[in-house]
Amino acid sequence: MDFKVNSSSFLDWSGDILALGFFEEKTELTGDLASLNDKLDGVITELIEENDFKGKANSTVVARVGAKNPIRKIMLVGLGKQEDCTSNGIRLAAGAIARSTAKENGKTLGIALGIEDYEGDTVAQMITEGVILALHKDNRFKSDAKDEVKLTNIDLLGLQASDNAITKGKQISDGVILARELVNSPPNDINPITLTKVAQDLAKEYNLELKILEKEECESLGMGAFLGVAQASDIPPKFVHLTYKPQGTAKRKLAIIGKGLTFDSGGLNIKGAGSGIETMKMDMGGAAATFGAAKAIAQLKPDVEVHFISAITENMISGKAMHPGDILTASNGKTIEVNNTDAEGRLTLADALVYTDKLGVDAMVDLATLTGACIVALGNDIAGLWTRDDKLAQDLQVASEGAGEKFWQMPMETDYFDIMKSAIADIKNTGSRAGGSITAALFLEQFVENTPWVHLDVAGPVWAEKPNNINNEGGTGFAVRTLVNWVSQ
């Protein structure tokens, strides 16, 4: 799809579909809108009245225009209340336009939203992201897959914006789509070896530094928690450390750590009927977002050094599997009594956090599909955020607002840690059922000593059961935009 900024009025545009934005309860036609309505023999007025169009957010109505006109169809899109308009609202409106255009089989699309509360570059970037992400469909594993997107040209009308804004929107979308497709990939396609190959390809394409620790090297570093999870799999574990460095002096150094369980059987505490085991290919959603962010950041080239880290393995069942009751020793020397082999993600993250804590970065974020308890607490659309650093929490919240991704800060309730004390080791890997996402965060905190740190539990939002807004069924690429904003701000 070819996006172009066009400062000309929509009155002069010709093509298949012209999409016009309206704020809620502001559907009166004045200025160029009134002139276009007259030019089209009142079709816009009829469209508003016949469909009782009020401009509610992301609502769309479409009508065919007479054959003699240079425009084939008119689309009206609701922007919601003007005082509630956000940058993400623009992104979602663009997604609604894209979906409607696809249904109408449009090839050329003109978009004129008439939003003056945001700079033109912001509007152009949000429209680009919304259109690309709404139209993305992952058909890689269908034998009869066809390119369902006929849309080829999108003109952003009446907008003062740079081509760089469109490029930025495309680059961020690249990262989101990579994360989506990694999560969608079945576990016989994405495993520790092939996921590591993704990191190798990113390093080669974007000239990133790459360090891969094989099992023996992980053993030499004492990563007993990570390797305890990995020991049942026939596929060797991989510890990936990908680094982006700017050309000049880095203003700051950051790290992103993603949980990389390419499949989670639950281990000997096997996931039973109704557990969603068939979807456990998505348990590497944290690593997917980490590598998606790497792809976007490598193209955006911020003046920030960023480390992308994932301890990658499967959690399988075999004669070599870790048992409930085993004691593992993490790379910081802490001993862990395994009372549930299905609480494996935090074990892999433990050694990844110890490793990252030694890099001397200014801040680090881990993200993981860690607990079902977080979904119970916050639902499918909101991720949990834990930290004791108020500034870091605020930075992530600001980044997420611009990204249109929802996080809710949860308590680091220190007293809950008592639930995880072990009589025979330093700590157990799970607490009680109550407060499960909080105790998971308290567990991870035991493996961070020096670096400002935030934990993100993204178990709900990384997957969509049905299409909505700019997401389609399956992997959503959740957190990529937030991570990119966090690094870039």
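Trainee: Which residues of helix 2 are buried?

Mentor: Keep in mind that we are reading a predicted model. Helix 2 covers residues 43-50, and its buried residues are Val43, Ile44, Leu47 and Ile48.

Trainee: How should I read that spacing along the helix?

Mentor: Here is the general idea: an α-helix has 3.6 residues a turn, so residues three or four places apart point the same way. Now the case in front of us: looking down the axis of helix 2, the buried residues fall within an arc of 135°, so they line one face of the helix. On the other side of helix 2 you will find Glu49 and Glu50, which are exposed.

Trainee: What do the buried residues of helix 2 pack against?

Mentor: They pack against helix 1 (31-39) and against three strands: strand 2 (15-22), strand 3 (60-64) and strand 4 (71-78). Once you leave helix 2, look at aspartate 52, which follows the helix and has a positive phi, near 50°.

Trainee: Strand 3 is on that list. Which of its side chains are buried, and which are not?

Mentor: The general idea first: in a regular strand the side chains alternate between the two faces of the sheet. Strand 3 shows this alternation: Val61 and Ala63 point to one face and are buried, whereas Thr60, Val62 and Arg64 point to the other face and are not buried.

Trainee: How many bridges join strand 3 to strand 4?

Mentor: Five bridges join them, and the two strands run antiparallel. To see one pairing, find valine 62: its bridge partner in strand 4 is methionine 75. Strand 3 and strand 4 form a hairpin, with six residues between them.

Trainee: Where can I practise on another sheet?

Mentor: Try the open sheet of three strands with the order 12-13-17, where the pairing is mixed. Its edge strands are strand 12 (327-329) and strand 17 (427-428), each of which pairs on one side only. Strand 12 and strand 13 (residues 335-337) run antiparallel and are joined by three bridges. Within that pair, leucine 328 has isoleucine 336 of strand 13 as its bridge partner.

Trainee: Now for two helices together. At what angle do the axes of helix 5 and helix 9 cross?

Mentor: The axes of helix 5 (residues 163-184) and helix 9 (residues 285-300) cross at roughly 155° and come within 8 Å. Angles over 145 degrees count as roughly antiparallel, so that is how helix 5 runs relative to helix 9. The crossing is right-handed. Among the residues making the contact are Ile172, Gly175 and Leu178 of helix 5, together with Ala288, Phe291 and Gly292 of helix 9.

Trainee: Let me try single residues. Is threonine 128 buried or exposed?

Mentor: Threonine 128 is buried, with a relative accessible area of 0%. Its place is in helix 4 (residues 120-135). Leaving aside neighbours within four places in sequence, threonine 128 is in contact with Phe3, Ile166, Gly169 and Lys170.

Trainee: And what does alanine 373 count as?

Mentor: Alanine 373 lies in helix 11 (residues 372-378). With 28% relative accessibility, alanine 373 counts as partly exposed, because that class lies between the 20% limit for buried and the 50% limit for exposed.

Trainee: How far apart are alanine 373 and alanine 434 in sequence and in space?

Mentor: They are 61 residues apart in sequence and 8.2 Å apart in space, taken C-alpha to C-alpha. Not counting residues up to four places away in sequence, alanine 373 touches Gly436 and Ser437.

Conventions:
Residues are numbered from 1 along each chain as its sequence is written. This is a predicted model: local features need pLDDT of at least 70, side-chain atom pairs count only at pLDDT 80 or more; totals for chains, interfaces and linings use all residues. Side-chain values use heavy atoms; hydrogens and water are left out. Two strands pair if DSSP finds at least two bridges between them. Helices (H or I, at least four residues) and strands (E, at least two) are DSSP runs, numbered from the N terminus. Buried means under 20% relative accessible area, exposed over 50%, partly exposed in between (1.4 Å probe, protein chains only). The arc is that of the directions from the helix axis to the C-beta atoms. Contact means heavy atoms within 4.5 Å. Axes are lines fitted to C-alpha atoms, for helices over the stretch in contact, and angles run from 0 to 180 degrees between N-to-C directions. Angles under 35 degrees count as roughly parallel, over 145 as roughly antiparallel, 65 to 115 as roughly perpendicular and the rest as oblique. A crossing is left-handed if the near helix is turned anticlockwise from the far one by less than a right angle, and right-handed if clockwise.
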